[in-house]
Amino acid sequence: MVLGIESSCDETGAGIVRDGKLLAHVVASSMDEHARFGGVVPEIAARAHLHAFTPVVRQALGEAGLRLGQIDAVAVTTGPGLSGALQVGLAGAKTLAYAAGVPLYGVHHLAGHVAADTLEHGPLPDPCVVLIVSGGHTSLLLVRDLVREPILHLGDTLDDAAGECFDKVARILGLPYPGGPAIDRAARDGDPRAVAFPRPLTRPGDDPYAFSFSGLKTAAARWAEQHRLRGAEPSVADGAAALQEAVADVLTRKALAACRAYDVRTLVVVGGVAANSRVRGLAERRCAAAGVELRVPPMTLCTDNGAMIAAVGDLLVRAEAEPAPLNVSIDPSAPLDHASLTPVPGSGSSAQFADRAA
């Protein structure tokens, strides 16, 4: 029985997993508290985690019909994320692990997103290509054994992440925060061909697996500005549909190119933007045409949650990985090299304290 804790941003999550099976999944979001500021405020997020931590853990234990003494291990996000938010989750997880007398495992947040798919579809194929798309991250990975082998980065975003682009353009169009769901809703009534937005880094000679969405955001801002300079408001529906189409096109085009280049037959799409209807729809169509299996977690497991962290913890326990040391700390900007992330103060780099199961 592995209890997972997630607190890297604005969701306080607790999940319980046993042998790859999800037993409990509870999330408390502070999104409404940040919405009026147009983005996540770190201090508000940290305080919200303090208030939500105990109720969320209690509810997860209740859903699973367990007492704390029946938990065999605790897994917690140790990075990347907001420093204060991570500290709240780690302090709570250390307390729970100490009280229950069980080992503690530090988990990389993005590895959690990858592992979320296993809760729905079972073990990851070896190898598989993984596309992580969220508010802060856009990465293309080659994954073999998630907890035993290093994770190979094929490409990452050079500037804005896909979700960040959605958030910023939504604000330009007068849509509410968070921008991703708002763009998706508005796009339903729009024409994706109404605006010829660019497809960044898709020309011959560009890095085939790198992403860049800053220029796309700027193109959308200039398009809206040109309308307003003429005294007219831009079509929000058309702008949202065209933007969404451009993002989905770039993401899926590069992901399928990676599958072909590495002769991989499974594409896994995870992260908050994996909940976007056009990203899912275009990925389904292109994977079917290419003979590639597409795996996407349920929408409830796409956004940040404790279940995905518990899933990594469960894999680490079964791989007999070494638990985190008692002085494990956080790494708010940790690169994704291994699923396990157990930095200690003064280490200088989290990488040397990565998963020892290999």
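**Pockets, a buried leucine and unpaired cysteines**

Q: How much space lies in the second largest pocket of this predicted model?
A: In this predicted model, the second largest pocket holds about 420 Å³ of space.

Q: What makes a residue part of the lining of the second largest pocket, and which residues lie nearest its centre?
A: A lining residue has an atom within 4 Å of a point of the pocket, and 22 residues line the second largest pocket, with Thr118, Pro123, Leu124, Leu315 and Arg318 nearest its centre. Helix H11 (306–318) gives the most to this lining, with four residues, while S3 and helix H5 (118–121) each supply at least two.

Q: How do the residues of the lining of the second largest pocket divide into nonpolar, polar and charged?
A: Asp, Glu, Lys and Arg count as charged, and the lining of the second largest pocket divides into nine charged, 10 nonpolar and three polar residues.

Q: How much space lies in the largest pocket, and which helix gives the most to its lining?
A: The largest pocket holds about 1300 Å³ of space, and its lining takes seven residues from H6, which gives the most. The lining comprises 48 residues, of which Met31, Ser134, Gly135, Asp167 and Tyr177 lie nearest the centre, and they divide into 19 nonpolar, 20 polar and nine charged.

Q: Why is Leu282 called buried?
A: Buried means under 20% relative accessible area, and Leu282 has a relative accessible area of 1%, so Leu282 is called buried. Leu282 is found in helix H10 (residues 277–290) and, leaving aside its neighbours within four places in sequence, is in contact with Glu245, Ala248, Asp249 and Thr252.

Q: What makes Glu245 a contact of Leu282?
A: Contact means heavy atoms within 4.5 Å, and Glu245 is among the residues in contact with Leu282 under that rule.

Q: How do you know that Cys128 forms no disulfide with Cys259?
A: A disulfide requires a pair of cysteine sulfur atoms within 2.5 Å, whereas the sulfur of Cys128 is 9.0 Å from its closest cysteine sulfur, in Cys259, and is therefore too far for a bond. Cys128 is also buried, with a relative accessible area of 0%.

Q: Why is Cys259 not counted as bonded to Cys287?
A: The closest cysteine sulfur to that of Cys259 is in Cys287, at 6.3 Å, and because the cut-off is 2.5 Å this is too far for a bond. Cys259 is buried, with a relative accessible area of 1%, and by the disulfide rule the count comes to zero.

Terms used:
Residues numbered from 1 in each chain as written. Predicted model: local features only at pLDDT ≥ 70, side-chain atom pairs only at ≥ 80, totals over all residues. Heavy atoms only, no water. 1 Å grid on protein atoms, 1.4 Å probe; cavity = no way out; pocket = protein on both sides within 12 Å on 5 of 7 lines; lining within 4 Å. Points joined across faces, edges and corners; volume = space filled by probe spheres on them. Buried < 20%, exposed > 50% of the residue type's maximum accessible area, 1.4 Å probe, protein only.
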